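Here is a short note for a colleague who has not seen this structure before. Please keep the model open while reading.

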Amino acid sequence: MHPDLTNGLTNDLTNSLTSGLTTAELRSERLDLLPIAPGHAEELAAALADPALHAFTGGRPATVEEQRARCARLAAGSPDPAEAWGNWVLRLRADGALTGYVQATVRPDASEAEVAWVVGTPWQRRGLATEAARTLLAHLADAGVTTAAAHIHPDHHASAAVARALGLRPTTRTQDGETRWQSDLTRHARNAGTRRAV
């Protein structure tokens, strides 16, 4: 791509970051995607209490206080000016339950975002992770992000199925034993599946 065009995309994305890319409230068919806050800690800790959720990522379920500190750190944003953090909890509108979260680490200089999704065990196998992540990708594409990536353990077949449904494909690159999956967001239809909350 011509350097002038690349610079234009980077500037557009940088402007998007300062105008709410990572703090917008989003809606999907069944979910409200809300920017993470310390007030979500108790519900989030309960939703993610199953140790099985850490089978491929390591660690253990966070306590409420640990989750509150994590939520505060994520809500404060990245200390690195070269990237921005976006983290959204997923609230199911049907019953108000907080079911998990999606996140994006956006690097404007590369017009790239690394994304991840986690849905609590009681709400799995309902398509919520795919629905939420698809809404996030559409939001990122609207803001000028051109590449989405996710790192997934080779044995985490459920997460791989979500990535495949989103249009991501595995690459030959690995990081810490996880395969990099990637998608060109310019192929996604603009405004498909994403609406800002009003």
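The points below go from the whole chain to single strands, helices and loops.

1. **Status and make-up.** This is a predicted model. The protein chain holds 5 helices and 9 strands. Read from the N terminus, their order is α-β-β-α-α-β-β-β-α-β-α-β-β-β.

2. **The chain as a whole.** The protein chain has 198 residues, and 44% of them are buried. Its accessible surface is about 10200 Å². Carbon and sulfur atoms account for 51% of that surface. Take the contacts between residues at least 6 apart in sequence: 66% of these join residues at least 24 apart.

3. **From β1 to β2.** Start with strand β1, residues 26–27. A hairpin leads from β1 to β2 through 3 residues. The two strands run antiparallel and are joined by 2 bridges. In this pairing R27 faces D32 of β2. Strand β2 covers residues 31–35, and 4 of its 5 residues are buried.

4. **From β2 to β3.** Strand β2 also pairs with β3, residues 84–92. The sense is again antiparallel, with 5 bridges. Two of the opposite positions are worth finding in the model. L33 has L90 of β3 as its bridge partner. D32 stands opposite R91 in β3. D32 is thus worth a second look, as R27 of β1 stands opposite D32 too.

5. **β3 is enclosed.** How many of the residues of β3 are buried? The count is 9 of 9, so the rest of the structure largely encloses this strand. In a regular strand, side chains alternate between the two faces of the sheet. Both faces of β3 are covered. One side carries A84, G86, W88, L90 and L92, all buried. The other carries W85, N87, V89 and R91, all buried as well.

6. **From β3 to β4.** Strand β4 spans residues 98–107 and is joined to β3 by 8 bridges. These strands run antiparallel. Here W88 stands opposite V102 in β4. The hairpin of β3 and β4 has 5 residues between the strands. Within this hairpin, G96 takes a positive phi near 80 degrees.

7. **Helix α3.** This helix has 13 residues, 64–76. It reaches 18 Å from its first C-alpha to its last, close to the 18 Å expected at 1.5 Å a residue. Q67, C71 and L74 are buried in α3. Seen down the axis, the buried residues fall within an arc of 70 degrees, so they line one face of the helix. Their cover includes α2 (41–47) and β3. On the face turned away from the buried side sit the exposed residues E65 and A76. Just after α3 comes G77, with a positive phi of about 95 degrees.

8. **The nonpolar core.** In soluble globular proteins, nonpolar side chains tend to be buried together. The largest nonpolar core here has 49 residues. Those with the most contacts inside it are L44, V102, V115, W117, L137 and L140. Which helix gives the most to this core? It is α4, with 8 residues. Follow L140 outward: leaving aside neighbours within four places in sequence, its contacts are L21, A104, V106, A113, V115, V145 and L185.

9. **Helix α4.** Is this helix mostly covered or mostly open? Of its 15 residues, 13 are buried, so to speak mostly covered. Its 15 residues should span 21 Å at 1.5 Å a residue, and its end C-alpha atoms are 21 Å apart, which agrees. G144 follows α4 and has a positive phi near 110 degrees.

10. **Two loop residues to check.** R125 is not a glycine, yet its phi is positive, about 65 degrees. R125 lies in the loop between β5 (112–119) and α4 (128–142). With 87% relative accessibility, R125 counts as exposed. D176 also has a positive phi, near 50 degrees, without being a glycine. Its loop lies between β7 (169–175) and β8 (178–184). D176 is exposed, with a relative accessible area of 75%.

Technical notes. Residues are numbered from 1 along each chain as its sequence is written. Side-chain values use heavy atoms; hydrogens and water are left out. Helices (H or I, at least four residues) and strands (E, at least two) are DSSP runs, numbered from the N terminus. Buried means under 20% relative accessible area, exposed over 50%, partly exposed in between (1.4 Å probe, protein chains only). Contact means heavy atoms within 4.5 Å. Accessible areas come from the Shrake-Rupley method with a 1.4 Å probe; for residues, only the protein chains shown count as cover. Two strands pair if DSSP finds at least two bridges between them. A nonpolar core is a set of buried Ala, Val, Leu, Ile, Met, Phe, Trp, Tyr and Cys residues joined through side-chain atoms within 4.5 Å. The expected span of a helix is 1.5 Å times one less than its number of residues. The arc is that of the directions from the helix axis to the C-beta atoms.
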